[in-house]
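Here are some short exercises on aromatic rings and their surroundings, each with a worked solution. Have the viewer ready and try each task before reading on.

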Amino acid sequence: MQLVDWDLAVATAVRLVPPGPRLELADATAIVDDLRHLAAQAEQHVTAYTGLPAGADGVGFAVVDRPGWIRSNVAAFTDLVDPLIETVLDKRAKPIGPVMSVVGPRATGVEVGALLAYLGTRVLGQFELFGPPPTEGNPGGRLTLVAPNIVAVEQALAVDPHDFRLWVCLHEVTHRTQFAAAPWLHEHVRSLLRDYISASDLDPAALMGRLKQALRGVGETVRGQSELSLLELVQTPEQQAVLDRVTGLMSLLEGHADVVMDGVGPQVVPSVQTIRGRFEQRRRAGSAFDRAVRRLFGLDMKMRQYAEGAAFVRAVVDAVGMDGLNKVWQSPALLPDAAEIRDPAAWLGRTGAPPAITA
């Protein structure tokens, strides 16, 4: 049984998402070519800055429009999540009734589609972890850039298109480099997802109880009186423990990418300071509705992950250098948890990372 009607989710999202900036075909083609070229450049810069190995050149890379991003993400999650949910449902002593099995997936499909339509206008790029699996010489996954969103933001910020596109590529290529340096990360993330889904309680009565509690918390979140996202409001205590591990990992990945893009930036992106300033201002701005949606769906939490993760990476590099930080990519046991992200000294003490050698 499906808990989400994925076909309906795609249809809903594609219908709701706006097309993006209007461009002539020749201009659109030139932008795609430019992004491909800049992504290749970014890989060289990221490798030189981090000392980490690059992925296979030109493998697992795509420039897409908004509907393409939606379809790609749904396809990946369908292949990965549905079998895990089936396993959880098979363990249930009491089956879900026929009405819930029909109405539930369709209602959830519409809701997921609406969220995808919202996100489909905001995602600039993404390393699609659940894309092609890793093979020898290829870190797996797929680096995806959403061309209309990149163009829309560079126009809104009135920044140099070449600089902005390279700046975005630096961030997304860093994610691909992380997984190339640590091929075990693919299975580790899948393991965390399995643990999270397995810890769910799909009993209708229990789920309804959590939803009633969530409805009381949603109002506080929307009004800015609470920082809890919808996911946090409905999850079980067991899921919260898994989410703490996920938060530590995501903070590391996002913070590391932010540090790399800004570290490389001054040498290859002349207007990086202008871009960063205007981009951060845009992140903080937005309508009251937009801010409420960001809080409700945990997007503000993602922004905190960027900031906390970047602070962790900078503190570790200051203490033990880039080579010392790169120890984190050796095994799951060396990943920081959420508490260590906020306390880099605790991670340094636990892992015994060697101090940086200075002249």
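**Exercise 1.** Are Trp167 and Phe279 buried or exposed?

*Solution.* Trp167 is buried, and Phe279 is buried as well; buried means under 20% relative accessible area, exposed over 50% and partly exposed in between, with a 1.4 Å probe and protein chains only. This is a predicted model, where local features need pLDDT of at least 70, side-chain atom pairs count only at pLDDT 80 or more, and totals for chains, interfaces and linings use all residues. Residues are numbered from 1 along each chain as its sequence is written, and side-chain values use heavy atoms, leaving out hydrogens and water.

**Exercise 2.** Which residues do ring pairs link into a cluster with Trp167?

*Solution.* Start with the total: the structure holds five aromatic pairs (rings of Phe, Tyr and Trp, the last by its six-membered ring, with centres within 6.5 Å; planes under 30 degrees apart are stacked, over 60 edge-to-face, the rest tilted).

1. Phe164 and Trp167 have ring centres 6.1 Å apart and planes at 35°, so this pair is tilted.
2. Both sit in helix 6 (residues 161-181), three residues apart, so about one helical turn separates them. Helices here are DSSP runs of H or I with at least four residues, numbered from the N terminus.
3. For Trp167 and Phe279, the centres are 5.2 Å apart and the planes at 75°, so the pair is edge-to-face.
4. Phe279 belongs to helix 11 (residues 272-284) and Trp167 to helix 6, so their pair ties together parts 112 residues apart in sequence.

Ring pairs thus link Trp167 with Phe164 and Phe279 into a cluster.

Notes
Helix = DSSP H or I, 4+ residues; strand = E, 2+ residues; numbered from the N terminus.
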